[in-house]
Amino acid sequence: MVNQQATANPYNFLYCPRCGSALRISMLENVPRLQCEGCLFVFYQNPVPAVGAVVLHDGQLLLVRRKYEPRVGYWSLPAGFVEYSETVKEALVREVKEETNLDIEVGELFDVYSSSDDSRHSIVLIVYWANVTGGELKAGDDALEVAHFPLDGPMPEIAFYSHVKAISRLQREFMA
Ligand SMILES: [Zn+2]
């Protein structure tokens, strides 16, 4: 039951967003899901898409130091959540601009990661290569600091495991 609660209702929603009746967990096609007692609306819970950038400059990786919870002060790839109205690539261009003030051109897909170590959401992180096309590097409103780290040197403390995995892969490929 505990697992079903976490899977079907990770945010502990109580009421139907359509009609305001109580939500309960129903087994629908063998999957526990939140369903409204009144209008039978099924409130699906899915991972949230996020997007991140690999920006390299002379063998150095661009990282952003987090200003807000979770993991304040830890570092990550420039990254953020995809808004409802934008494409994944539009989200990446916007997030990199907001966090680093750099303009980018989105390149090839680097990798995709599922993660559940962010306290806010279960996440699908989509990581692209990106090339800088303009702008002057400076920390945006939602970053404490932005900096480049040599791939063959020590990395700072990284906020999320999906970012750790992406950076580890980059380091392996850089050394190879
Ligand atoms: Zn309802």
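**A walk from a strand pair to a zinc site and beyond**

Let's start small: Q35 sits across from V42, which belongs to β3. These two residues are a good way into the fold, since strand β2 (residues 31–36) and β3 pair in the antiparallel sense over two bridges. Pairing here has a set meaning: DSSP must find at least two bridges between two strands. The strands themselves are DSSP runs (E, at least two residues), as are the helices (H or I, at least four), and both are numbered from the N terminus.

Before going on, a word on what you're looking at. This is a predicted model, where local features need pLDDT of at least 70 and side-chain atom pairs count only at pLDDT 80 or more, while totals for chains, interfaces and linings use all residues. Residues are numbered from 1 along each chain as its sequence is written, and side-chain values use heavy atoms, with hydrogens and water left out.

Back to the strands. Three of them make an open sheet, in the order β1-β2-β3, with antiparallel pairing. β1 (23–28) and β3 (42–43) stand at the edges with a single partner strand each, so one side of each has no neighbour in the sheet. In the loop between β2 and β3 you'll find L40, whose phi is near 70°, a positive value in a residue other than glycine. That catches the eye because most residues other than glycine have a negative phi.

Now for the metal. Which protein atoms are the donors of the zinc ion? They are the SG atoms of C16, C19, C36 and C39, lying 2.3 to 2.4 Å from the ion. (Donors are N, O and S atoms within 2.8 Å of the metal, or 3.2 Å for Na, K and Ca; water is not among the atoms, so sites may look incomplete.) Along the sequence, the donor residues follow the spacing C-x2-C-x16-C-x2-C. C16, in the loop between α1 (2–8) and β1, and C36, in strand β2, are 20 residues apart, and the pair links distant parts of the chain. C16 and C36 are both buried; buried means under 20% relative accessible area, exposed means over 50%, and partly exposed is in between (1.4 Å probe, protein chains only). The angles among the four donor atoms run from 98 to 117°, making the site tetrahedral, a label given to four donors if all angles lie between 85 and 135 degrees.

Stepping back, the chain is divided into domain 1 (2–43) and domain 2 (48–175), with bounds of this kind coming from an automatic or database domain assignment. Their C-alpha centres lie 33 Å apart.

Further along the chain, β6 (60–66) is a good strand to follow. Five of its seven residues are buried, so β6 is largely enclosed by the rest of the structure. Strand β5 (residues 56–57) pairs with β6 in the antiparallel sense over two bridges, and L56 has L61 as its bridge partner. Two residues lie between the strands of this hairpin, where D58 takes a positive phi near 50°. β6 also runs antiparallel to strand β11 (residues 143–150), joined by seven bridges, with Q60 opposite P150. Two bridges join β6 to β7, again antiparallel, and here R65 stands opposite W75.

Two last spots deserve a look. In the loop between β6 and β7 (75–76) lies P70, joined to E69 by a cis peptide bond with omega about -5°. N101, in the loop between α2 (88–100) and β9 (103–115), has a positive phi near 70° and is partly exposed, at 21% relative accessible area.

Methods. Tetrahedral: all angles 85-135°; square planar, octahedral: opposite > 155°, others 65-115°.
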